[in-house]
Amino acid sequence: MSGIRVALVDDQALFRAGVRMLVESQPDLEVVGEASDGAAGVDLARRERPDVVLMDVRMPVQDGIAATEQILAAADRDGTPPPRIIVLTTFDLDENAARAIRAGASGFVLKDADPEFLLAAIRTVHQGNQVIAAAATRALFAHVGRGSGRRPAPAAWAELTPREREIFALAARGLSNGEIAASEFLSEATVKTHVSRILAKLGLRDRVQLVVFAYEHELPTVS
């Protein structure tokens, strides 16, 4: 079985070297390339087609937000599976990290996170799940959106059934499928199906974008 292919995009060579050593110490992970700026990162992703990209937010030439947008847009144009992108940031409450998530990143990890957390994050996003802890997510978007107001619920929101809105509200608070299943007396498989339908109806990539959606819009059943 092939390992998870990881690309590193960060302008700090020492940081990249440390992450490479960490990633390559794992039997199920491999580093397929490095880049020191966003533009080079876009080229790297197109050339190597990694499963997961670790993307710094602040870099010369091109930042991580623009690079994230271009990598995902290129995969869409080419009809290839897009890589999962984890944003690396120094600050817990970072508007640039939020913008990168809106651009399609699957979450963010602090650069001083425990090595075990970073490794778990790579495996988690590769499986299509979120990588941000619920409390950190709420704090981030409360900070970013403070004073700006939320937008009205889009038309797609009306397509959700009452049950899907209940599941949405729980997922937006950061509950796992298992926790939602226990709360709603459902099987995890049923919850997973509901979440997949919710993401499809709202045009969202993953649960991280679901959280962003919840905090950007006025949704009657989500507090």
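**Strand β3, two nonpolar cores and the surroundings of helix α7**

In this predicted model, β3, α3 and β4 together form a β-α-β unit of right-handed sense. Strand β3 pairs with β4 in the parallel sense over 5 bridges, and valine 52 has arginine 84 in β4 as its bridge partner. Strand β3 also pairs with β1, again in the parallel sense, over 4 bridges; here the bridge partner of valine 9 is methionine 55 in β3.

Strand β3 is mostly covered, with 5 of its 5 residues buried. Side chains alternate between the two faces of the sheet in a regular strand. In β3, Val52, Leu54 and Asp56 point one way, while Val53 and Met55 point the other way.

It is helpful to turn next to the nonpolar cores. The largest of them has 24 residues, and those with the most contacts inside it are Val9, Val53, Met55, Ile71, Ile85 and Val87. Elements giving two or more residues to this core include β1 (4-9), β3 (52-56), β4 (84-89) and α10. Helix α3 supplies the largest share, 4 residues. A second, separate core holds 21 residues, including Trp157, Ile198, Val211 and Phe213.

Helix α7 (residues 162-172) offers another view of packing. Its residues Glu164, Ile167, Phe168, Ala169, Leu170, Ala171 and Ala172 are buried, and the cover over the buried residues of α7 includes α8, α9 (188-202) and α10. Just after α7, glycine 174 takes a positive phi of about 95°.

From α10 (residues 207-216), leucine 210 is a handy example. Leucine 210 counts as buried because its relative accessibility is 0%. Beyond residues up to four places away in sequence, leucine 210 touches Phe168, Ala171, Ala172, Ile198, Leu199 and Leu204. Between leucine 210 and glycine 174, the C-alpha to C-alpha distance is 9.8 Å, with 36 residues separating the two in sequence.

A polar counterpart is found in α8 (residues 177-184), where glutamate 184 is located. With a relative accessibility of 19%, glutamate 184 falls under the 20% cut-off and therefore counts as buried. The side chain of glutamate 184 makes a polar contact, at 2.6 Å, with the side chain of arginine 163. Setting aside neighbours within four places in sequence, glutamate 184 is in contact with Arg163, Glu166, Ile167 and Leu170; of these partners, Ile167 and Leu170 are among the buried residues of α7.

Note on methods. Residues are numbered from 1 along each chain as its sequence is written. This is a predicted model: local features need pLDDT of at least 70, side-chain atom pairs count only at pLDDT 80 or more; totals for chains, interfaces and linings use all residues. Side-chain values use heavy atoms; hydrogens and water are left out. Buried means under 20% relative accessible area, exposed over 50%, partly exposed in between (1.4 Å probe, protein chains only). Contact means heavy atoms within 4.5 Å. A nonpolar core is a set of buried Ala, Val, Leu, Ile, Met, Phe, Trp, Tyr and Cys residues joined through side-chain atoms within 4.5 Å. A polar contact is a pair of N or O atoms within 3.5 Å; within protein, one must be able to donate a hydrogen and the other to accept it, and residues adjacent in sequence count only if both atoms are side-chain atoms. Two strands pair if DSSP finds at least two bridges between them. A crossover is right-handed if, with the strands pointing away from the viewer, the path from the first strand over the helix to the second runs clockwise.
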